[in-house]
Amino acid sequence: MEFKDHVCELLNTIDACQVFFDITVNFDLTKNYLDLVVTYTTLMTILSRIEERKAIIGLYNYAHEMTHGASDREYPRLGQMIVDYENPLKKLMEEFVPHGKSLSDALISLQMVYPRRNLSADQWRNAQLLSLISAPSTMLNPAQSDTMPCEYLSLDAMEKWIVFGFILCHAVLNSDAAALSLWKLALQSSTCLCLFRDEVFHIHKAAEDLFVNIRGYNKRINDIRECKEQALSHAGSMHRERRKFLRSALKELATVLADQPGLLGPKALFVFMALSFARDEIIWLLRHADNIQKKSTDDFIDKHIAELIFYMEELRAHVRKYGPVMQRYYVQYLSGFDAVVLNELVQNLSVCPEDESIIMSSFVNTMTSLSVKQVEDGEVFDFRGLRLDWFRLQAYTSVSKASLGIADHKELGKMMNTIIFHTKMVDSLVEMLVETSDLSIFCSFYSRAFEKMFQQCLELPSQSRHSICFPLLCTHFMSCTHELCPEERHHIGDRSLSLCNMFLDEMAKQARNLITDICTEQCTLSDQLLPKHCAKTISQAVNKKSKKATGKKGEPEREKPGVESMRKNRLLVTNLDKLHTALSELCFSINYVPNLAVWEHTFTPREYLTSHLEIRFTKSIVGMTMYNQATQEIAKPSELLTSVRAYMTVLQSIENYVTIDITRVFNNVLLQQTQHLDSHGEPTITSLYTNWYLETLLRQVSNGHIAYFPAMKAFVNLPTENELTFNAEEYSDISEMRSLSELLGPYGMKFLSESLMWHISSQVAELKKLVVENMEVLTQMRTSFDKPEHMAALFKKLTSVDSVLKRMTIIGVILSFRSLAQEALRDVLSCHIPFLVSSVEDFKDHIPRETDMKVAMNVYELSSAAGLPCEIDPALVVALSSQKSGEAQTHALKKLVCAENISPEEEYKIACLLMVFVAVSLPTLASNVMSQYSPAIEGHCNNIHCLAKAINQIAAALFTIHKGSIEDRLKEFLALASSSLLKIGQETDKMTTRNRESVYLLLDMIVQESPFLTMDLLESCFPYVLLRNAYHAVYKQSISANA
């Protein structure tokens, strides 16, 4: 009510003063007058659209009465206003009858501005509008116009003034041809106008409904209908062509200004005109696409809208970046030219009252006092006072009885309008950007259209380079908040943050998907170079030499790797080319800005891409292992390494497109893959390969399907009835183990070792149980090795002899596998860090014998981590130590020995007896058919050659834990073992001694493997001639078997 009263009072005052309105002369006064009329009309129209308005004011009055004890005294008037404005435009038409003269004069002054702004794209193109390079000779001349502020005035605002204004003073349409021409032009340009945000006003229907009840307005109604048809049939295509022209014009403008930012000074007007024109076209499209009134929608779908928004953002960025350049230019312009011209105009005035003279003199003095030094010193300029004084002066000089009438001094008005523009270039650049290019209407009011435009942009490869404009638009949203409605601020802020986050996330996902597709293609190409694919080529070459027929005659020749790189035609575009093009376009967008600020939050587009690449790289590495739990299939380490390297090569090339640290991605992802689980709790290649080698490969070794061949340094499948689904050699040879070490790294190999040691510790625990079961017999055998008959009798009392040997063999197999892994790790690290590895090796080789065991173990742990072999395996020591103190093991031993605790002495005794048990059990191996030694593989098919490693490593670890003498215990073992084996030389049973010579060789292997035993010591226990004869026998047997 108060607003309405003030508006009515102000309008009456304006009429009484007979104020002169001309948008080209007193711009600020005319613009604000027309804005007031439109705002008043809009408010009343929106009020009439609130369905529950009567109930709301009734509730308000009731609440007022409850609070203050009486109803609001203005309530009857408010209620009457609601009733009167049921049909707001009809009521306003009656209200504005006395204001018709002032309003029509203000509107008709637009005839010099609106038609010039509302031209077709062809007319713009012919005039080379916004082009800096069309006339190179005038490129440095300042862009001038008599109507500077009108050049970037919103077309949408002008159309609202014309449509609503002429509805309110409709009588002038019948009497003034200029008014009718403006009215028709506005009706032909749009089908609806914006009332507020996404509330629209359908102009043709509303105007026709109003005029149909006025006598003599049939001609106007026909005009409306004709204009409606014109708008429906041509407006869409006209605006589409305008957007097409603006895309190229803004691109040219942005490119020239990026190269020559100094042109922002003289050509600033062009920049703000371009921004205003583009903003008007985007808002027109938004409004009409949401309120289509025709069947064909092609004109209202613009897949290239992102390009136009992008160039707008580029121009905005130039203005913000080179603001000081513009300030320097216009400070000099104001002081050196504008002040002089204005002073001359003031001097030439025939009449100049004192008040007006004082104001204009202050204008001249303010401009004259400006200097470039103020810009260089970073002084903050503020010309708001000057602009407000000019507004006051317009009001003083526009009334009919003014001594100095601005209607008679239009040059002064035009000059001052130019000066006001120049002052805004110095102190109000940000406000000018908001005024001419604010697109905050996208926020919550056209968010669905906004998101749809973004999706269309990403789907079109040629437009994806402009997709960054959508997150940049989110920085506009806070400008649509208003101090009178603070509660909206948080909602709009949150909305801008969520949209910006969603856009950047989608862009990063799209880039990630493209990179993944490229990686897949490259992995396929690198897979073609794997050695396994060359067999067919070699076969064809061999057959060709021997002139054998190769397969079917019609069989096509296999393409060799690299054929895809041979281009027969430049126009031929491969899928990889398309992917690279799409990626480079999208990466341009992601790399466009380092960061952007939205509602006090900073977003970094590149970090989104980095994050997505890390997640995808992690998933891809695990996926490329092709691990199938059901069938226990897994990719060979060498093939996985090839794929990972191909993947990494593609990722490294991303640094050519985007400024991101790919090395950081590699470090984060590959380091996580060396752990048991990644940061998301998902299994890694380390856990997958560790499980596979333990549960599949080594389990099949235990089952007798695979043997370790020392000569080949690999595990090899044995011929069995049930063929295995994999070839063990292809997963355990030197190259595969090196590839595994490359993939898992020292951390991953350490985890593999720890897992292997855990299995060994469980086997040792079982062995200890067997020792406890046979403790009395073993204690006697330990001291009776020089009494053959007594030993034979005691041996028969032993139980689970085969189980002991089998478990020790399993331990040996695991240790053999670990030695392969450690050797591969050493080879890999020697390539990557040769100086560090040689330093560690030197450190290990020069430990003094008298060094404390704890210090020595620390050195061994360091050496073991580098893949170097150690006298005492630190991982095995740690595993057996923890197993020793484990509750489950203690509980099991408690039950067996029926004691509360096991003393260290008893633990030590069990360890000694374990070695005794193994030593006295060795002769039983001679009766096994599979115990035959094979010179070709330098081992036994039942893996008993692995016992040498098991005996040495277990002895070293156990007696390190129990602080016993390793050498003494191994000497004792050698004495017992040689004594036991010498006995089988006296056996006459051929079945019992069938592989006696092969078992003899175990003693030689044990000594060769041990750093604590010597051949001299073996010679004292076991005649070397027997070993020599044994080697001779097995080699002879092997030759006869092959023959």
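Which residues have the most contacts inside the largest nonpolar core? In this predicted model, that core has 267 residues, and those with the most contacts inside it are Leu250, Phe272, Leu697, Leu698 and Phe715. The surroundings of Phe272 illustrate this, since, when residues up to four places away in sequence are not counted, Phe272 touches Tyr152, Val319, Met326, Phe421, Met425, Leu429, Met432, Leu433 and Thr436. A second core, separate from the largest one, has 64 residues, among them Ile23, Tyr40, Leu173 and Ile203.

With regard to the chain as a whole, the protein contains 46 helices and 8 strands. Its radius of gyration is 46 Å, whereas the globule rule gives 31 Å for 1043 residues, and because the value lies well over that figure, the chain is more spread out than a compact globule. The C-alpha trace spans about 145 × 90 × 60 Å along its principal axes. Of the 1043 residues, 51% are buried, and among the contacts with a separation of 6 or more, 77% are between residues 24 or more positions apart.

At the level of individual helices, H3 (residues 53–68) packs with H4 (residues 75–84) at an angle of about 175°, the two axes lying 11 Å apart. Because angles over 145 degrees count as roughly antiparallel, H3 is roughly antiparallel to H4. On the side of H3 the contact is made by Arg53, Lys54, Ile57, Gly58 and Asn61, and on the side of H4 by Tyr75, Leu78, Gly79 and Ile82. By character, the residues of this contact comprise 4 nonpolar, 3 polar and 2 charged.

Methods
Residues are numbered from 1 along each chain as its sequence is written. This is a predicted model: local features need pLDDT of at least 70, side-chain atom pairs count only at pLDDT 80 or more; totals for chains, interfaces and linings use all residues. Side-chain values use heavy atoms; hydrogens and water are left out. Axes are lines fitted to C-alpha atoms, for helices over the stretch in contact, and angles run from 0 to 180 degrees between N-to-C directions. Helices (H or I, at least four residues) and strands (E, at least two) are DSSP runs, numbered from the N terminus. Angles under 35 degrees count as roughly parallel, over 145 as roughly antiparallel, 65 to 115 as roughly perpendicular and the rest as oblique. Contact means heavy atoms within 4.5 Å. Ala, Val, Leu, Ile, Met, Phe, Trp, Tyr, Cys and Pro count as nonpolar, Asp, Glu, Lys and Arg as charged, and the others, Gly among them, as polar. A nonpolar core is a set of buried Ala, Val, Leu, Ile, Met, Phe, Trp, Tyr and Cys residues joined through side-chain atoms within 4.5 Å. Buried means under 20% relative accessible area, exposed over 50%, partly exposed in between (1.4 Å probe, protein chains only). The radius of gyration is taken over C-alpha atoms; the globule rule is 2.2 Å times the number of residues to the power 0.38.
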